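Student: I am new to this structure and would like to look closely at one part of it. Could you start from a single contact between side chains and follow the connections outward from there, explaining each step with care?

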Amino acid sequence: MESEAKHSSDNRILYIFVPVFVVLLIIGSALLPSPRQPDAPLETYQYHIAIIGENTDDSFWNLLYRGVNEAAGEYGAIAEETGAGLSQRVTTEDAIKMAINEDADGILLLPGSDEALEPLIDQAEDAGIPVISMERDLPDSRRSGFVGINAYFLGQQFGREILKRSGSDASTATILFPADRFDESSRQWFLQGLASAVPSEKITFRYETVESNGSSLNNSEDIIQKLLSEDNVPDILVTLDSMSTQSAFQLLTSRSMVSRVTLIGTGISSDILDEIENGGIKAVISTDPVQLGEESVRQLMTYQKYHMVSYYTEITPVLIDASNVQQYRKEFYDDSEK
């Protein structure tokens, strides 16, 4: 009898404990942080935008993504970095295929150096998914639109800055063209803009082409090493991509040549802004990544509404030097991690 009474008592305790435990478990689960997700389920948005790029770990991409998200919210759209939640990084090609399979309402593409994207862009367009190319154009594809900087006006702006930074005597300047961003046509337009801003007797120009190896690396360091080892070291060095700008500054610093060679670069990152403040980089002329993201979304939404969009939408490059670098640091980095 004593055993039965104890067993009955244990059962009553169990009946009380289990419901209480379940309630506590539910409450505890609700208090735990949930995985990062959109503010509302994907199906509650009117448009699903796939944003795809090659170098998604750099500062430019993070700022671009901020601009895309800010503008997307104005149109009842959600922008999703395709493949971001996977354990292994997907290639740009696979990300485009995923966006097609997901039947995205549009693709914003920041192409890298890969030249095999045109067929996939055409495949997306055939599936009724408009593609907007950002910063680097792919004119041989059937992309719906391109948002970026006009090469002629970019050349003019660099020309004005070169003229401003040159001395009273005739100077020499070397320009490094990244092959993955400047094809033959865009190089010629850039040089025409440059020539319109700089008297031929004032500056002697040389040109080098920076080749990419198909990843995030290029041979800019080798080219700059050679330039700085020659007898006729340039008075002004112009780098037209952020990696070359970083390489140039590091090499000039290691050789104690910062005061001898005037570096005018491209790119926006916390490190580059630091070196503008310190005087190692005199200026950068670059795409504003936030503006690029916002304008690309506007063009995509224009296509959704009218089923057509401008073949090319120009954005104005920004000039950052010692006079305004703190302003841009506040704009780009005060509310984000460096």
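**From charged pairs to the sheet**

Tutor: In this predicted model, a salt bridge joins Arg142 to Asp122, with 3.9 Å between the closest N and O atoms. Arg142 belongs to the loop between strand S4 (131-134) and strand S5 (145-148), while Asp122 belongs to helix H4 (residues 118-126), so this contact ties together parts that are 20 residues apart in sequence. The two partners differ in their surroundings, since Arg142 counts as partly exposed at 44% relative accessibility, whereas Asp122, at 17%, counts as buried; the limit for calling a residue buried is under 20%.

A second charged pair leads us towards the sheet: Asp321 and Arg165 form a salt bridge whose closest N and O atoms are 3.7 Å apart. Asp321 is found in strand S12 and Arg165 in helix H5, so parts of the chain that are 156 residues apart in sequence are tied together by this pair. Here again the acidic partner is buried, with Asp321 at a relative accessible area of 7%, and Arg165 is partly exposed at 26%.

For a contact within one helix, consider Glu295 and Arg298, whose side chains meet in a salt bridge at 3.3 Å from N to O. Both residues lie in helix H10 (residues 289-306), three residues apart, which is about one turn of the helix. Glu295, at 18% relative accessibility, counts as buried, and Arg298, at 30%, is partly exposed. Salt bridges can also share partners, and in this way Glu161, Lys164, Arg165 and Asp321 are joined into one network. The structure holds eleven salt bridges in total.

Asp321 gives us a way into the sheet, because strand S12 is one of its edges. The sheet is open and has six strands in the order S7-S6-S8-S9-S10-S12, with mixed pairing. Strand S7 (203-210) and strand S12 (318-321) each have a single partner strand, so one side of each is left without a neighbour in the sheet. On average, neighbouring strands of this sheet are turned by 20° against each other, direction ignored.

The partner of S12 is strand S10 (residues 283-286), and the two run antiparallel, joined by four bridges. Within this pairing, Val284 has Ile320 of S12 as its bridge partner. Further along the order, strand S8 pairs with strand S9 (residues 262-265) in the parallel sense over three bridges, and there Val238 stands opposite Ile264 in S9. S8 also runs parallel to S6, to which four bridges join it, with Leu176 standing opposite Thr239 in S8.

In a regular strand, side chains alternate between the two faces of the sheet. S8 is covered on both of its faces: Ile236 and Val238 on one side are buried, and so are Leu237 and Thr239 on the other.

Two helices lie across this part of the sheet. Helix H6 (residues 184-197) lies across strand S6 (171-178) and S7, and runs at about 155° to S6. Helix H7 (residues 220-229) lies across S6, S7 and strand S8 (236-239), running at about 145° to S7.

Helix H6 also brings us to the aromatic side chains, of which a search of the whole structure finds eleven pairs. In one of them, the rings of Phe158 and Phe190 have centres 5.9 Å apart and planes at 50°, so this pair is tilted. Phe158 lies in helix H5 (residues 151-165) and Phe190 in helix H6, 32 residues apart, so that the pair links distant parts of the chain. Both rings belong to buried residues, with Phe158 at 1% relative accessibility and Phe190 at 0%. Phe190 forms a further pair with Phe182, edge-to-face, at 5.8 Å from centre to centre and with 85° between the planes; Phe182 is also buried, at 3%. These residues belong to one aromatic cluster made of Phe158, Phe177, Phe182, Phe190, Phe205 and Tyr207.

A last contact joins the two themes of charge and ring: the charged end of Arg143 sits over the ring of Tyr311, 3.8 Å from its centre.

Conventions: Residues numbered from 1 in each chain as written. Predicted model: local features only at pLDDT ≥ 70, side-chain atom pairs only at ≥ 80, totals over all residues. Heavy atoms only, no water. Pairing = 2+ DSSP bridges. Axes fitted to C-alpha atoms, helices over the stretch in contact; angles between N-to-C directions. Contact = heavy atoms within 4.5 Å. Phe/Tyr/Trp six-rings, centres within 6.5 Å; stacked < 30°, edge-to-face > 60°. Buried < 20%, exposed > 50% of the residue type's maximum accessible area, 1.4 Å probe, protein only. Lys NZ or Arg CZ within 6 Å of the ring centre and 35° of its normal. Salt bridge = Lys/Arg side-chain N within 4 Å of Asp/Glu carboxyl O.
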